[in-house]
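Please read the following account with the sequence and the three-dimensional view side by side. The text moves from one part of the fold to another.

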Amino acid sequence: MEPLRVLELYSGIGGMHQALRESCIPAQVVAAIDVNTVANEVYKYNFPHTQLLAKTIEGITLEEFDRLSFNMILMSPPCQPFTRDLLIQTIENCGFQYQEFLLSPTSLGIPNSRLRYFLIAKLQSEPLPFQAPGQVLMEFPKIESEHPEKHAIDAENQIEGKKIEPNIWSDSSRPCSGKAAILFKLETAEEIDRKHQQDSDLSVQMLKDFLEDNVDVNQYFLPPKSLLRYALLLDIVKPTCRRSMCFTKGYGSYIEGTGSVLQTAEDVQIEYIYNSLTNLSQEEKLTKLLMLKLRYFTPREIANLLGFPPDFGFPEKITVKQRYRLLGNSLNVHVVAKLIKILYE
């Protein structure tokens with residue numbers, strides 16, 4: 001069988017290309033397209049022999065597309081509320097069979113929550129073996145099964161999240177009753193329970209498996225101003241934890257909701273530090289918080305969690321801030337590789 005000719009749209013730093021390599025299916029990326037010049041520098045650095053077009057999709061003519069003679073498209077477009085409906089309508093009208101997914105790297109044993117929507121489609125008349133029309137699968141399908149995965153949910157219900165009123169609770173590593181709550185972290189009971197379950201899941205690797213051994217971490221320690229201002233909002237993990245929050249493009253510049261921070265002083269009890277902050281001066285609070293030795297994950301460590309191999313790198317001129325932004329806009333290579341392989345097989 002001839003190798004597939006793959007067109008990579010919204011190519012970014014090459015997450016889809018890397019996933020294609022990992023899938024080991026016979027394929028060649030004939031062209032990659034993206035308008036982000038910084039991302040293109042990283043792409044060229046890692047895939048120097050791939051044709052890279054710094055254009056918008058609208059700027060490419062049908063004749064140019066035809067000359068590429070591709071028979072597979074990989075893309076990770078910007079999130080838009082109307083994208084899904086428009087895409088599904090188009091592929092249905094063109095005779096594609098498709099399946100939607102909501103998947104996180106944790107399903108592959110990777111300690112990073114990055115729930116993302118995926119869609120795979122194939123031009124054929126027969127349904128896909130694992131196809132569940134109108135449903136979004138929450139797990140990877142088992143090809144040998146005669147029936148769709150049981151853990152399928154309605155897409156509309158999944159998107160509509162449950163609103164929870166915030167409460168002040170204690171130790172984020174274990175659930176506790178509201179009455180016995182210690183003023184420690186601003187978290188809901190549901191969040192506390194979820195983190196406890198994640199850290200107890202032995203099917204997921206520990207974070208220490210993804211950390212750099214020889215790295216100057218001084219530049220990654222949280223600055224005093226951030227420690228004092230966001231102490232109650234930090235999602236703190238240790239190397240022995242089996243979870244981390246989704247890293248976004250604002251990581252390293254912003255604190256709230258951009259990703260977890262690492263406690264490198266593992267022998268220090270976080271409960272002791274936070275419970276002792278009451279009635280202290282700002283200077284005394286800072287002294288206590290500095291004992292935790294909290295730092296950001298390095299760009300290389302985030303790349304490890306996203307599934308990029310050790311030989312994937314960045315040109316020296318790409319700053320740490322730019323690396324965080326690019327990785328925050330990327331995807332998990334292992335998840336996409338498995339989906340590509342499932343679709344191909």
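In this predicted model, leucine 9 has isoleucine 33 in β2 as its bridge partner. Strand β1, which covers residues 4-9, is joined to β2 by six bridges, and the two strands run parallel. Both belong to an open sheet of four strands, in which the order is β3-β2-β1-β4 and the pairing is parallel. The edges of this sheet are formed by β3 (52-53) and β4 (72-75), each of which pairs on one side only. In general, the strands of a sheet pair through backbone hydrogen bonds, and this pairing may be either parallel or antiparallel.

Helix α1 lies across β1, β2 and β4, and its direction makes an angle of about 155° with that of β1. The loop that leads from α1 (15-23) to β2 (27-33) contains cysteine 24, a residue other than glycine whose phi is nevertheless positive, near 65°. Cysteine 24 counts as exposed because its relative accessible area is 66%, where the cut-off for exposed is over 50%. A positive phi is also found at lysine 293, again a residue other than glycine, with a value near 50°. Lysine 293 sits in the loop between α9 (282-290) and β11 (294-296), and with a relative accessible area of 47% it is described as partly exposed.

Another cysteine deserves attention on account of its annotation. An unreviewed UniProt entry places the feature "active site" at Cys79, and in the model cysteine 79 is found in the loop between β4 and α4 (83-93). Is this cysteine 79 buried or exposed? Cysteine 79 counts as exposed, because its relative accessibility is 77%.

Threonine 298 is placed in the loop between β11 and α10 (299-305). The residue counts as buried because its relative accessibility is 0%, whereas the limit for buried is under 20%. Its side chain makes a polar contact of 2.7 Å with the side chain of glutamate 212. If residues up to four places away in sequence are set aside, threonine 298 touches Glu212, Val215, Tyr220 and Tyr324.

Tyr324 in turn leads to helix α11, residues 320-328, where the buried residues are Tyr324, Leu326, Leu327 and Gly328. The buried residues of α11 pack against α2 (37-46), β11 and α10.

The nonpolar interior can be considered next. The largest nonpolar core has 74 residues, and within it Leu234, Tyr274 and Phe297 have the most contacts. Helix α12, residues 333-344, supplies the largest share of this core, namely eight residues. Apart from this core lies another one, of nine residues, among them Leu7, Ile60, Phe65 and Leu68.

The protein as a whole may now be set beside these details. Its secondary structure comes to 12 helices and 11 strands, and buried residues make up 44% of its 345 residues. Among the contacts with a separation of 6 or more, 65% are accounted for by residues that are 24 or more positions apart.

Technical notes. Residues numbered from 1 in each chain as written. Predicted model: local features only at pLDDT ≥ 70, side-chain atom pairs only at ≥ 80, totals over all residues. Heavy atoms only, no water. Buried < 20%, exposed > 50% of the residue type's maximum accessible area, 1.4 Å probe, protein only. Pairing = 2+ DSSP bridges. Contact = heavy atoms within 4.5 Å. Axes fitted to C-alpha atoms, helices over the stretch in contact; angles between N-to-C directions. Polar contact = N/O pair within 3.5 Å; in protein donor to acceptor, adjacent residues only side chain to side chain. Core = buried A, V, L, I, M, F, W, Y, C linked by side-chain atoms within 4.5 Å. UniProt positions renumbered as here; feature names shortened; annotations may be inferred.
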